[in-house]
Amino acid sequence: MTPTQPAPPAPAPAPAADAPQDTAADEDLCASVDRPHPRPHGRDLYSISEVAAHTGLSVHTLRWYERIGLMPHVGRSPTGQRRYTNRDLEWLAFVGKLRLTGMAVADMVRYADLVRQGDHTYPERRALLVATREDVLRRIAELNSTLSVLDFKIDLYTTEEHRS
């Protein structure tokens, strides 16, 4: 695959046998979660502090994500405490990947809103991701160019050391 060719679509994660089949947002979950879920589906209720520890995000950031609409509806216990699921962890992993791309928070919130709206927003979601991919490829090219300059200088100084 060359930098100008689009990446093939990643396969959607297979739901666990006991997982409920819910909305189209399933397809927008990160296909590969970097870390396995701490608990199996069906026993996957996490407090906000557990999610913070698992993801490395602060409790403040998790609340902010929810407040700005980046985090889908988070369930609550009967006493009002947030209860996150494995699905929420997968969404947060995907959001983390979007953050690494440099996508603007406003665009991430827009993407999350499009997911909530349903399947008819696929073209808009795709457009957002394609634009982000183009930005990532541009940055990779810049970094490769910078790496070449650094390698040249390192080789130059290595050669100079051997002359002395």
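## Close-up views of a predicted helical model

**Figure 1. Salt bridge between Asp113 and Arg110.** Asp113 and Arg110 form a salt bridge in which the closest N and O atoms are 3.7 Å apart; a salt bridge is a side-chain nitrogen of Lys or Arg within 4 Å of a carboxyl oxygen of Asp or Glu. This is a predicted model, in which local features need pLDDT of at least 70 and side-chain atom pairs count only at pLDDT 80 or more, while totals for chains, interfaces and linings use all residues. Residues are numbered from 1 along each chain as its sequence is written, and side-chain values use heavy atoms, with hydrogens and water left out. Both partners lie in helix α4, three residues apart, about one turn of the helix; helices (H or I, at least four residues) and strands (E, at least two) are DSSP runs, numbered from the N terminus. Asp113 is partly exposed, with a relative accessible area of 30%. The classes are buried, under 20% relative accessible area, exposed, over 50%, and partly exposed, in between (1.4 Å probe, protein chains only).

**Figure 2. Salt bridge between Arg110 and Glu124.** Arg110 also forms a salt bridge with Glu124, the closest N and O atoms being 2.6 Å apart. Arg110 lies in helix α4 and Glu124 in helix α5, so the pair ties together parts that are 14 residues apart in sequence. Arg110 counts as partly exposed, at 34% relative accessibility, and Glu124 is likewise partly exposed, with a relative accessible area of 36%.

**Figure 3. Salt bridge between Asp135 and Arg138, in helix α5.** The side chains of Asp135 and Arg138 meet with an N to O distance of 2.4 Å. Because Asp135 and Arg138 are three residues apart in the helix, about one helical turn separates them. Asp135 counts as partly exposed at 36% relative accessibility, as does Arg138 at 46%. Elsewhere, Glu66, Arg76 and Arg82 are joined into one network by salt bridges that share partners. The structure holds six salt bridges.

**Figure 4. Helix α5 and its surface patch.** The 42 residues of α5 should span 62 Å at 1.5 Å a residue, and the end C-alpha atoms are 61 Å apart, which agrees; the expected span is 1.5 Å times one less than the number of residues. Arg125, Leu128 and Thr132 are buried in α5, and the buried residues of this helix pack against α3 and α4. Leu147, found in helix α5, forms a nonpolar surface patch with Leu150 and Ile154, the three having about 280 Å² of accessible area together. Leu147 counts as partly exposed, at 45% relative accessibility. Patches are made of residues with over 30% relative accessible area and no salt bridge, with like charges joined within 9 Å and nonpolar side chains (Val, Leu, Ile, Met, Phe, Trp, Tyr) within 5 Å. Accessible areas come from the Shrake-Rupley method with a 1.4 Å probe, and for residues only the protein chains shown count as cover.

**Figure 5. Helix α3 and its packing.** Helix α3 (residues 86–101) has 16 residues and reaches 23 Å from its first C-alpha to its last, close to the 22 Å expected. Its buried residues include Asn86, Asp88, Trp91, Phe94 and Thr101. The buried residues of α3 pack against α1 (48–55), α2 (59–68), β2 (82–83), α4 (105–117) and α5 (122–163). Just after α3, Gly102 takes a positive phi of about 90 degrees.

**Figure 6. The largest nonpolar core, with 24 residues.** Residues with the most contacts inside the core are Val51, Leu62, Tyr65, Met71, Tyr84, Trp91 and Leu92. At least two core residues come from each of α1, α2, α3 and α4, and α3 gives the most, with six residues. A nonpolar core is a set of buried Ala, Val, Leu, Ile, Met, Phe, Trp, Tyr and Cys residues joined through side-chain atoms within 4.5 Å. Leaving aside neighbours within four places in sequence, Leu62 is in contact with Ile48, Val51, Ala52, Leu57, Tyr84 and Leu92; contact means heavy atoms within 4.5 Å.

**Figure 7. Overview of the protein chain.** The secondary structure comes to five helices and two strands, which run α-α-β-β-α-α-α from the N terminus on. Of the 164 residues, 27% count as buried. The accessible surface comes to about 10,900 Å², of which 59% belongs to carbon and sulfur atoms.
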